[in-house]
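Student: I'd like a close look at a single part of this model. Could you pick one spot and walk me through its surroundings?

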Amino acid sequence: MTAADESIGQRPAVGSGHGGRDDASAAHSVPVSVVALIAAFGVLIAAAAYTAGRLGHAGSPWADRSYWLGQLLILTPVAARLLSRRALSAAETVTLIVVLTVAEYLVKVCYSPAAFTYADELMHWRTATDIMQTGKLFTPNNLLPISPYYSGLEEVTTGVASITGLSVFTSGLIVAGVAHLLFVCLMFTLFRRVSGSHRVAGVALLLYASESLFASFDSMFVYQTLALPFFGLALLAICRIAEPEAAGSRTGWFTVAVLAAFATVATHHVTSFLLVATLEVVTLGALLTRDRKLAAWASMLALLSAAAFAAWIAFVAPLTSGYLQPVITGTLQGIRVLLSGGHTGAPPFSAANGPLENEALAATAVVIMSVLVPVGWRQVRLRYRRQPWAVALAIGAASWYVIVAVRVFVADGSELAGRASTFVFLPAAFMAALAVIRLTDNSLRWPLVRVDVRRRAPVVVAAAAAAALVLVLNGLVNGWPPYWERLPGPYQVAGAERSVGPEQVASADWALAVLGPGNRFATDEGDLPVLGSYGDQDIVGDDQVLYTSPIFTADAAYLVQAQSIGYVLVDRQLSDMLPASGQYFPVDTNAGRYTRPLPLADLTKFDRVPGVARIYDSGNIVIYDLQGSAYYGS
Amino acid sequence: MARSQADVAATALAAGLACGAAAIGAPTAVMTVLGLALFVAPGYLLCQLLVGSNVTGLERAAVIAGLALAVPVLGGLILYATRVPLHRAGWLVLLAGVTFAGDLALLLRRRFGGGAPFTWQLSMHVPRRQLAGFAAAVVVAAGGVGLARIGAATQPQPGFTQLWLSAQRKNEHFLSLGVQNDQGQTTTYRLVLLRDGRASVTWNITLAVGRTWQRSVPLTGSATVAASLYRLPDLTHPYRYVSTASTTVAGP
């Protein structure tokens, strides 16, 4: 697939049309290796900030500033170089993108360098550990029941761990890191083929890095991380099939596409669904541009992928519908209410978004992207209207406005919008890249700005770099880890990674060793992922009523009976600290409204309930056995 | 083997060496290098077989890596379906099998089907100064990861002691009574076993860091069994407390 007649990406701010200054300019520009070195120092400084947090300075402003200094050292040189008016070779461009991706991944690794601590990673660690121990797939996972049925990530990880002898954690880091980098490289390759310009591809990937899950969820040890490169490989293969020069290898490319699509199906449900949807959009783009060959191949792969996904759900993973239905139903219901003139009750920006400056940054980023996308559309209309992939990306970019609307107006829409952003950002970033390249192009006649091109160019490039930085920083500020746990540090009640401490892990290990796996357990928000993963226990989510009264109420008794709760884990620190995440329990009716910690009497009441045994005590954590009580199983 | 088949020889050698090293129980460092090579080999061969020389550079590397990751995902399902345990032997058979099959197919294609022979082209020239810059970046970034690991290992954590008293899964007539020291230092305890509130047995225990003390306690009649753990020299306040049934006198 070649670019449109004249690719806009070939012409930087002061380009080859100005006396061939590029080569000379490039010789005086900052070498990519220096950018890599600066980014490496950024990683080092971020790691130092993390270490300061662990040593008791997690709340200190200078540690926080050090972290952001590290991030700026990673982001600024890369953004400046990619948007610079000095020409970059394709190799330099891809190196910059690799530097950005690897550096951000290393910062993520430095957050939890000894073990997985993020809840979703712990869920998949449990599945991988089960495969290592049993040698079988599809072993039950109490924490994330759907995980064993989409075990591609765990298969590769346990394969690496089994053969090399490395731990599941180290193997998981290798697999997730390779998958994340591979996805970025595949997208770069695809964007480069579509636009015919490595510059557009590079800027698109820079903007894609502003997606809030890019440096976190998309590179964590979770199933989507591995499914994404398969998604990208399937798209690349379909892109190559329709090219004239692929005449001799169409069967080969289609086989690659089918293998990648099947691997996606076996790895992640949402990615599988969105692969089918993306192929349909590509088909539409091909039909609109009258590229029948591409339309045929893309629709054929869409059909095969859909059939494979349907068969997988029907015969292997019937849990999928029940797992995804609540999110989809809730969002659709919200949209219905919204369209019928009602109000769904979703505030424009929820308290979970954090401080006002974070919300302001998020709003600015939304505005920047929302302005850039239409400019990109115009570029597609002017220069790429016969290019099926560019048209498909333009169609796909409309979903940007859909997820913004869903996030802002639909109650509980942030879950769906968050999940979709990984995919929605792909076309949106490409459109935004076309816009950025066009707006920084010297051939553009700016209204009202009558400054000499040479004097204007640095200002325009600086503005573009600043806008890109705002976008990427927004992704980090409003991504993961959340602002209240930006740095690792001492234990926090109902936090995220900081709720995974040695005492919590020890109690979970004890529960698995002594009580066995799969017991029905009640616990709080912070202990849940640890008890469910290390402890392999079956956690009851809606258990608030057990912890919020000084006496054992009839509601509590009913819950124990109805949910067959055999054990209760009580973390006495719930009476010492407010919940970092705003909620003490997985389902918490008082979320965000706590002004004081829970009373200790609410937690110790189990000592006085007839028939309840206090079977474990580690100081902060006490485990009660309810099976001897009158309420259990009666 | 001719130079034009060097890739076939290299992938077969990687597979053979990985299997051989696994058979003799080679150390993790060796297995890591050979194992990762074994993971890449099927991806390379599939790329050669399916799209041949139509891809170059970054695109080729990406296709190889993508296929290399897809092989264990789809192959693992086949292993499971054929009831082969997903342990080291199973994975070695899968990856080495795909590699050898791919080698054979590629060899036959080049001999009889007109497939392009292997060629090695290193077109990219990177100046030494640039290489030094990248090397320094790797060292600095690795230093960052090392610093983070040291920080995690030396993070101050409050010590704790675990005490438990629970029914044994294998024998319901006995209780498992145990203490584990995670205080971060050798600690001396006094453990008092109570039956219906009266002291039955007392143990003085000294445990090093991470060590565990365990006993089986017979469960007789309907007596409530409890255990109070004191951390010496404090014999006034129970440090930990467990019980088979609720008591009006709660623990610490």
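Tutor: Happy to; what follows is a look at one loop residue, and then at a place where two helices meet. Please keep in mind that this is a predicted model.

Let's begin with Asn620(A), which sits in the loop linking strand E4 (613-617) to strand E5 (621-625) of chain A. Is Asn620(A) buried, exposed or partly exposed? Its relative accessibility is 24%, and because buried means under 20% and exposed over 50%, Asn620(A) counts as partly exposed.

Now for the neighbours. Leaving aside residues up to four places away in sequence, Asn620(A) touches Glu503(A), Val570(A), Asp571(A), Arg572(A) and Gln573(A). Take Gln573(A): it is 47 residues from Asn620(A) along the chain, yet their C-alpha atoms are separated by 6.2 Å. With Glu503(A) there is a polar contact, side chain to side chain, at 3.0 Å.

The second place joins chain A to chain B. Helix H7 (residues 168-195) of chain A and helix H3 (residues 57-81) of chain B have axes that come within 10 Å and cross at roughly 135 degrees. That angle is why H7(A) is described as oblique to H3(B), and the crossing is left-handed. On the H7(A) side, the residues that meet H3(B) are Ala179(A), Leu182(A), Cys185(A), Leu186(A), Phe188(A), Thr189(A) and Arg193(A). Their partners in H3(B) are Leu58(B), Glu59(B), Ala62(B), Ala65(B), Gly66(B) and Leu69(B). Sorted by character, the residues of this contact are nine nonpolar, two polar and two charged.

Definitions and conventions: Residues are numbered from 1 along each chain as its sequence is written. Chains are lettered from A and ligands numbered from 1 in the order in which they are written. This is a predicted model: local features need pLDDT of at least 70, side-chain atom pairs count only at pLDDT 80 or more; totals for chains, interfaces and linings use all residues. Side-chain values use heavy atoms; hydrogens and water are left out. Axes are lines fitted to C-alpha atoms, for helices over the stretch in contact, and angles run from 0 to 180 degrees between N-to-C directions. Helices (H or I, at least four residues) and strands (E, at least two) are DSSP runs, numbered from the N terminus. Angles under 35 degrees count as roughly parallel, over 145 as roughly antiparallel, 65 to 115 as roughly perpendicular and the rest as oblique. A crossing is left-handed if the near helix is turned anticlockwise from the far one by less than a right angle, and right-handed if clockwise. Contact means heavy atoms within 4.5 Å. Ala, Val, Leu, Ile, Met, Phe, Trp, Tyr, Cys and Pro count as nonpolar, Asp, Glu, Lys and Arg as charged, and the others, Gly among them, as polar. Buried means under 20% relative accessible area, exposed over 50%, partly exposed in between (1.4 Å probe, protein chains only). A polar contact is a pair of N or O atoms within 3.5 Å; within protein, one must be able to donate a hydrogen and the other to accept it, and residues adjacent in sequence count only if both atoms are side-chain atoms.
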